[in-house]
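Visitor: Got a minute to walk me through this one? I'd like to go piece by piece.

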Amino acid sequence: MTASKKFGGHREMLESMYSVIALVFILVACVELCDAAAAVDVYRLIQYDMSGSPFGSRFAALNHHAASLQFPRGADLSRTVLIIPLRELNITFVREYIYQKKPLGGLLFLLPEVFRFENGGSKQIQEKEKMKILLAELEQLLINSNIPYPVYFAFENDEIDTVLADIKKNDVIGQPATATTGGYKLVIPMPEPKKVASPTITNIQGWLSGLKADGEANQLPTIAIVASYDTFGAAPALSVGSDSNGSGIVALLEIARLFSLLYSNPKTRGSYNLLFGLTSGGPYNYNGTQKWLRSFDQRLRESIDYAICLNSIGSWDNELWIHVSKPPENAYIKQIYDGFANVAEELDLKVGLKHKKINISNPRVAWEHEQFSRLRVTAATLSELSAAPDLLQSTGGLFDNRQFVNETAIIRGVKLVAESLARHIYGHQGKSVQIFADDSSLAVNPTYVRSWLDLLSITPRVAPFLSKNDPFVMALKKELADHTDDVNMQHETHEGIFTFYDLTSARLNIYQVASVTFDLLLLLVLGSYLIVLFSFLVVTTRGLDDLISLFRRPPSRKVKTA
């Protein structure tokens, strides 16, 4: 009976000690991730396929130690995330790592506050322009490469700057962060990215109907004013495209507002129908514009006198360009250009003409007006860009934000387009008549332009990530409905050579982790403490003989039998 109680006491004591030891082991295992140094919002590099070929960052989850550009040469970076501030960027170094497919755990680019669309900081203009050019080059490198590790963007702040300074200090003395030495660890727990299923593109259109003369049976001619509203950039969650093509959207809405004032009065209503179109899919060969035009019946397409497409008119100094597909000698093209050139001269502006012949067999569509030209509709694009951009270029990237857009330039562009259209509609070509004079009730409204530009500059608009009922899309529809009639939306599935993947933003946790040496030392100290504690409990409760018996070798079976 006594032996049974003694055995039970031993068992209870051991079970208690096992529980304590298990708890200690759990604490030791978790000690690596117990001290969070910072948590910041990060934005993932876009992931997409083009004609089946992968581009962008192919992974989202991150769990590696951090290093700076001061890392020891020859170090193994296969499980390391490089933190690279834009102001310290060596584009040659990044290009070499990507093109040569060197092993890397991930990349985190830190953008200056000037590129945050909530506020632009207070950096000097010269520095901003320099960083803008550098960021544009980096962006083109990243979106046109297949990168087999996570790539993120974040904005500089005091927390992450402090962490980076500490990382640099360790890298300089030749002690980069590893499992052995400790340091900082970057963790983003994300699932595997999935394809965006059946992405939707939405086109919005509204009409201002012209006034027919008594007894006139023919359909009135139509002038179309069009702008693409979506963007594309290295980080979809940051692609606000203030200039490309936020400026075009603002201009279209203000032109619609101005002409709605004229068309609301039968005495000043023109003999042209005005069709306003806000199209989607602009960065992808104007896929939405193509679907929109093909939804028109033949009669409507034939009624279009010409279309003027607005693209990037928010950061020019004194010259805009009219891009056309038909030869400049064409009578319709000459009429459009002369109308704009005459008004530009009065406004002390310059307008140039650029002709680019289209190739019907080539799927590449550089300008929105080319979709009209393919259907034999006269059209032109007004833009500050003198040459056609390459595919996925000048489509509202990271560098295209409010700080680099001049609202005065948009106002001047609106006035140029509105006056040119009005003179064409009312037959005032060649006459020095200002319909939208600055001091009149028909003057361009700077407050309206500024408010919409501010809204667009905080609204990412990458089409595959906008639903058909997205609040921004609905806001565009409502605004157009305030100034035009018969507003409707066309929803189409995004088709073509592009496939997109989800997971565009995340929360990055930065942990300050201890080295393995520290963990082992801690484990040794705790183990020694537990042994001493266990010995003390046994001696005080059972006696020294019981403690000794625990470590005494049990007798063999032979001896016991004898």
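**A strand and its surroundings**

Guide: Let's start with β12, which is mostly covered: 7 of its 7 residues are buried. Keep in mind that this is a predicted model.

Visitor: OK, so which residues sit on each side of β12?

Guide: On one side you have Asn273, Leu275, Gly277 and Thr279, and on the other Leu274, Phe276 and Leu278. Both faces are covered.

Visitor: Which strands pair with β12, and in what sense?

Guide: Strand β10 (residues 200–208) pairs with β12 (residues 273–279) in the antiparallel sense, over 5 bridges. Strand β11 (residues 222–228) pairs with β12 in the parallel sense, over 7 bridges.

Visitor: Can you give me some residues to click on?

Guide: Sure. For β10, Gly206 stands opposite Phe276 in β12, and Ile204 stands opposite Leu278. From β11, try Val226, which stands opposite Gly277 in β12.

Visitor: And what's the strand order in the whole sheet?

Guide: It's an open sheet of 8 strands, in the order β15-β14-β16-β13-β11-β12-β10-β17, with mixed pairing. β15 (350–355) and β17 (485–493) are at the edges with a single partner strand each, so one side of each has no neighbour in the sheet. On average, neighbouring strands are turned by 20° against each other, ignoring direction.

Visitor: Back to Phe276. How far is Ile255 from it?

Guide: C-alpha to C-alpha, Ile255 and Phe276 are 9.4 Å apart in space, and they are 21 residues apart in sequence. Ile255 is in helix α5 (residues 246–263), and at 0% relative accessibility it counts as buried.

Visitor: New topic: helices. How long is α4?

Guide: α4 covers residues 158–172, so 15 residues, and reaches 21 Å from its first C-alpha to its last. That is close to the 21 Å expected at 1.5 Å a residue.

Visitor: Which residues of α4 are buried?

Guide: Ile160, Val163, Leu164, Asp166, Ile167 and Asp171. They cover an arc of only 160° around the axis, so they are on the same side of α4.

Visitor: What's on the face turned away from that buried side?

Guide: There you find the exposed residues Asp158, Thr162, Lys169 and Val172.

Visitor: And what happens at the start of α4, and just after it?

Guide: At the start, a side-chain oxygen of Asn157 reaches to within 3.1 Å of the backbone nitrogen of Glu159. After the helix comes Gly174, with a positive phi near 80°.

Visitor: Let's do charges. How many salt bridges does a search of the whole structure find?

Guide: The search finds 19. In general, side chains of opposite charge can pair when their charged atoms come close.

Visitor: Show me one inside a helix?

Guide: Lys334 forms a salt bridge with Asp338, and their closest N and O atoms are 3.0 Å apart. Both lie in helix α8 (residues 331–346), 4 residues apart, about one turn of the helix.

Visitor: Are those two residues buried, exposed or in between?

Guide: Lys334 counts as partly exposed at 45% relative accessibility. Asp338 is also partly exposed, with a relative accessible area of 29%.

Visitor: Got another one?

Guide: Try Asp482 and Lys478, where the closest N and O atoms are 3.7 Å apart. They are 4 residues apart in helix α12 (residues 471–483), so about one helical turn separates them. Asp482 is partly exposed at 48%, while Lys478 counts as exposed at 53%. The cut-off for exposed is over 50%, so the two get separate labels.

Visitor: Which residues are linked in a network of salt bridges?

Guide: Arg402, Glu407, Arg450 and Asp454. Within it, Arg402 forms a salt bridge with Glu407, and the closest N and O atoms there are 2.6 Å apart. Glu407 counts as buried, at 15% relative accessibility.

Visitor: Last one. Where is Thr484, and what does its side chain reach?

Guide: Thr484 is in the loop between α12 and β17. Its side chain reaches the backbone oxygen of Leu480 at 2.7 Å. Thr484 is buried, with a relative accessible area of 4%.

Technical notes:
Residues are numbered from 1 along each chain as its sequence is written. This is a predicted model: local features need pLDDT of at least 70, side-chain atom pairs count only at pLDDT 80 or more; totals for chains, interfaces and linings use all residues. Side-chain values use heavy atoms; hydrogens and water are left out. Helices (H or I, at least four residues) and strands (E, at least two) are DSSP runs, numbered from the N terminus. The expected span of a helix is 1.5 Å times one less than its number of residues. Buried means under 20% relative accessible area, exposed over 50%, partly exposed in between (1.4 Å probe, protein chains only). The arc is that of the directions from the helix axis to the C-beta atoms. A polar contact is a pair of N or O atoms within 3.5 Å; within protein, one must be able to donate a hydrogen and the other to accept it, and residues adjacent in sequence count only if both atoms are side-chain atoms. A salt bridge is a side-chain nitrogen of Lys or Arg within 4 Å of a carboxyl oxygen of Asp or Glu. Two strands pair if DSSP finds at least two bridges between them. Axes are lines fitted to C-alpha atoms, for helices over the stretch in contact, and angles run from 0 to 180 degrees between N-to-C directions.
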